[in-house]
Amino acid sequence: MNYWLKQSIEYANQRSYLDSLFSVYPTIPEGIREINKTKWENVEQSFSTQNNFKLVNSLLNLDLFPIKDSYVAYLKRDRKAINRNPKTIDRICGRIYEMGLDKVFEKCSLPKETNRQIGPMFRNWINKKALGIKPIALEEFLSTDKDAILSASDAQMKDFAKQELGYEHPKGLDFLARFNNKFIIGEAKFLTDFGGHQNAQFNDAIRTVEAERVNAIKIAILDGVLYIKGRNKMYKSITQSYKDYNIMSALVLREFLYTI
């Protein structure tokens with residue numbers, strides 16, 4: 001088994017893994033969303049007059065629509081469709097009136113879901129010099145051959161990796177660095193549960209380390225439930241099919257980089 005994968009599994013099962021991981025992924029629920037006063041006044045007015053077309057338009061101007069409905073995303077992307085589809089608008093508004101205005105406000109001001117906050121956390125952790133050096137912009141990264149971590153968007157990292165390292169995977173990257181004159185590329189994921197979207201996240205990271213003809217060390221920086229020993233699919237995958245891959249927790253990443 002890959003040394004760093006083994007270290008990660010042992011860390012997760014023998015030490016205060018979650019306590020330590022909180023420094024990387026501090027998933028603290030946010031407070032309620034701030035709703036623009038003028039926008040909410042428009043909602044209140046259209047609600048009280050039961051102007052359905054104006055009500056839907058006003059609610060679509062908020063960050064969060066108060067009900068789950070498969071047709072809302074379409075209406076948000078094509079506002080002209082609101083006037084063309086009165087039955088759909090009446091159906092949606094009927095549900096909204098049943099909720100009452102106070103409940104509508106409550107739903108529209110819900111905090112962001114925790115899993116939607118996770119994305120930037122790994123990069124924020126790196127920016128605090130958690131890996132020993134502060135990430136630098138692309139221009140500076142190119143002007144030196146010293147150990148460095150690239151500070152750029154995942155798309156910019158992907159473009160650099162494609163042009164300079166032969167990386168062809170369509171997804172962006174979360175991590176690109178150079179240590180001891182060797183490039184390292186990777187994706188970072190916090191897998192909070194099994195199944196569905198989390199499996200897709202896991203597979204994305206695996207595809208990065210499986211990319212061929214890449215002039216770089218490929219790593220999957222994975223944390224979460226995959227290290228729980230048992231019969232779950234992720235654990236079986238990393239200890240069988242992918243046991244020789246560079247899969248590791250963010251908590252052992254610094255040690256890995258300084259051994260390259």
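How many of the 260 residues of the chain count as buried? In this predicted model, the share is 42%. The chain is built from 15 helices and five strands. Its C-alpha trace spans about 70 × 45 × 30 Å along the principal axes. The radius of gyration comes out at 23 Å, whereas a compact globule of 260 residues would have one near 18 Å. As for the surface, the chain exposes about 14700 Å², and carbon and sulfur atoms supply 46% of that area. Contacts also reach across the sequence: taking those between residues at least 6 apart, 64% join residues at least 24 apart.

Next come the charged side chains. Side chains of opposite charge can pair when their charged atoms come close. Searching the whole structure turns up nine salt bridges, and three of them are looked at here, starting with the pair D69 and R95. The side chains of these two residues meet with an N to O distance of 3.4 Å. This pair ties together distant parts of the chain, the two residues being 26 apart. D69 sits in the loop between helix 4 (52-60) and helix 5 (72-77), while R95 belongs to helix 7 (residues 86-99). Are the two partners buried or exposed? D69 has a relative accessible area of 15%, so D69 is buried. R95, at 35% relative accessibility, counts as partly exposed.

A second salt bridge stays within a single helix. K103 pairs with E106, and their closest N and O atoms are 3.3 Å apart. Both residues lie in helix 8 (residues 101-108), with three residues, or about one turn of the helix, between their positions. Here both partners are partly exposed: K103 has a relative accessible area of 35%, and E106 has one of 41%.

The third pair is K189 and E187, a salt bridge whose closest N and O atoms are 3.3 Å apart. Both K189 and E187 are buried. Salt bridges with shared partners, for their part, join D69, R91 and R95 into one network.

What else surrounds K189? This lysine is found in strand 3 (residues 182-191), and its relative accessibility is 12%, which is why K189 counts as buried. The pairing with E187 shows up as a polar contact too, side chain to side chain, at 3.3 Å. Once neighbours within four places in sequence are set aside, K189 is in contact with Y25, D174, Q201, D204, A205, I221, L222 and D223. Three aspartates are on that list, namely D174, D204 and D223.

Finally, the cysteines. How many disulfides does a search of the whole structure find? The count is zero. For C93, the closest cysteine sulfur is the one in C108, and no bond can be drawn because the 12 Å between them is too far. Looking from the other side, C108 has its closest cysteine sulfur in C93, again 12 Å away and too far for a bond. A disulfide would need the two sulfur atoms within 2.5 Å. Both of these cysteines are tucked away from the surface in the sense of being buried: C93 has 0% relative accessibility, and C108 has a relative accessible area of 2%.

Technical notes: Residues are numbered from 1 along each chain as its sequence is written. This is a predicted model: local features need pLDDT of at least 70, side-chain atom pairs count only at pLDDT 80 or more; totals for chains, interfaces and linings use all residues. Side-chain values use heavy atoms; hydrogens and water are left out. A salt bridge is a side-chain nitrogen of Lys or Arg within 4 Å of a carboxyl oxygen of Asp or Glu. Helices (H or I, at least four residues) and strands (E, at least two) are DSSP runs, numbered from the N terminus. Buried means under 20% relative accessible area, exposed over 50%, partly exposed in between (1.4 Å probe, protein chains only). A polar contact is a pair of N or O atoms within 3.5 Å; within protein, one must be able to donate a hydrogen and the other to accept it, and residues adjacent in sequence count only if both atoms are side-chain atoms. Contact means heavy atoms within 4.5 Å. The radius of gyration is taken over C-alpha atoms; the globule rule is 2.2 Å times the number of residues to the power 0.38. Accessible areas come from the Shrake-Rupley method with a 1.4 Å probe; for residues, only the protein chains shown count as cover.
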